[in-house]
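Let's take a walk through this chain together. Keep the sequence and the 3D view at hand as we go from the overall picture to single residues.

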Amino acid sequence: MNTKVYKGRIWLTSGGHPAEVSCQATSTQQARSIIKGIYGSSFKSFAKQMSTV
């Protein structure tokens, strides 16, 4: 498996500025799923799409 570091920004349900997030994944779709899993119900939407570093 060839993992890469993906970074992006997300909006949280609590409001405020977008939070910068990052994770290791093998694809953009996997990175999105990981971030959604970590933040759960606090996740609102992506402010900046996940991209490799």
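What percentage of the 53 residues of the chain count as buried? The answer is 21%. Please keep in mind throughout that this is a predicted model.

Let's begin with the overall layout. The secondary structure amounts to one helix and three strands, and reading along the sequence gives the pattern β-β-α-β. The radius of gyration is 11 Å, close to the 10 Å that the globule rule gives for 53 residues, so the chain is as compact as a globular protein of that length. If you turn the C-alpha trace onto its principal axes, you will find that it spans about 35 × 20 × 10 Å. Among the contacts with a separation of 6 or more, 46% are between residues 24 or more positions apart.

Next, look at the sheet. Its three strands form an open sheet in the order β2-β1-β3, and the pairing is antiparallel. The edges are taken by β2 (19–25) and β3 (43–52), each of which pairs on one side only. From one strand to the next, the twist averages 30°.

Follow β1, residues 4–12, and you can trace its pairing with β2, which is antiparallel and runs over seven bridges. Several residue pairs help you find the register. Lys-4 stands opposite Ala-25 in β2, Tyr-6 has Cys-23 as its bridge partner in β2, and Arg-9 stands opposite Glu-20 in that strand. Now turn to the pairing of β1 with β3: these strands also run antiparallel, joined by six bridges. Here a good landmark is Lys-7, whose bridge partner in β3 is Ser-51.

Glu-20 deserves a pause of its own. This residue of strand β2 is partly exposed, with a relative accessible area of 48%. Leaving aside residues up to four places away in sequence, Glu-20 touches Lys-7, Gly-8 and Arg-9. By contrast with those contacts, try the C-alpha atoms of Glu-20 and Lys-4: they are separated by 17 Å, with their positions 16 residues apart along the chain.

The turn from β1 to β2 is worth a visit too. Six residues lie between the strands of this hairpin, and Gly-15 takes a positive phi near 90° there. Ser-14 is also found in the loop between β1 and β2. Is Ser-14 buried or exposed? Its relative accessible area is 66%, and because exposed means over 50%, Ser-14 counts as exposed. Although 30 residues separate Ser-14 and Lys-44 in sequence, their C-alpha atoms are 8.9 Å apart in space.

Now for the helix. α1 covers residues 28–39, and its length can be checked with simple reasoning: at 1.5 Å a residue, its 12 residues should span 16 Å, and the end C-alpha atoms are 17 Å apart, which agrees. After α1 comes Gly-40, with a positive phi near 50°.

Where do helix and sheet come together in the core? The largest nonpolar core has 10 residues in all: Tyr-6, Ile-10, Val-21, Cys-23, Ala-25, Ala-31, Ile-35, Phe-43, Phe-46 and Met-50. Each of β1, β2, α1 and β3 supplies at least two residues of this core. Tyr-6 and Cys-23, already met as bridge partners, both belong to this core. For a closer look at one member, select Phe-46. Not counting residues up to four places away in sequence, Phe-46 touches Arg-9, Ile-10, Trp-11, Arg-32, Ile-35 and Lys-36.

Our last stop is Val-53, in the segment after β3. Val-53 has a relative accessible area of 72%, so this residue is exposed. Val-53 still has contacts, though: Val-5 and Lys-7 are touched by this residue, not counting residues up to four places away in sequence. Val-53 and His-17, on the other hand, are 36 residues apart along the chain, and their C-alpha atoms are separated by 21 Å.

Key: Residues are numbered from 1 along each chain as its sequence is written. This is a predicted model: local features need pLDDT of at least 70, side-chain atom pairs count only at pLDDT 80 or more; totals for chains, interfaces and linings use all residues. Side-chain values use heavy atoms; hydrogens and water are left out. Two strands pair if DSSP finds at least two bridges between them. Helices (H or I, at least four residues) and strands (E, at least two) are DSSP runs, numbered from the N terminus. Axes are lines fitted to C-alpha atoms, for helices over the stretch in contact, and angles run from 0 to 180 degrees between N-to-C directions. The expected span of a helix is 1.5 Å times one less than its number of residues. A nonpolar core is a set of buried Ala, Val, Leu, Ile, Met, Phe, Trp, Tyr and Cys residues joined through side-chain atoms within 4.5 Å. Buried means under 20% relative accessible area, exposed over 50%, partly exposed in between (1.4 Å probe, protein chains only). Contact means heavy atoms within 4.5 Å. The radius of gyration is taken over C-alpha atoms; the globule rule is 2.2 Å times the number of residues to the power 0.38.
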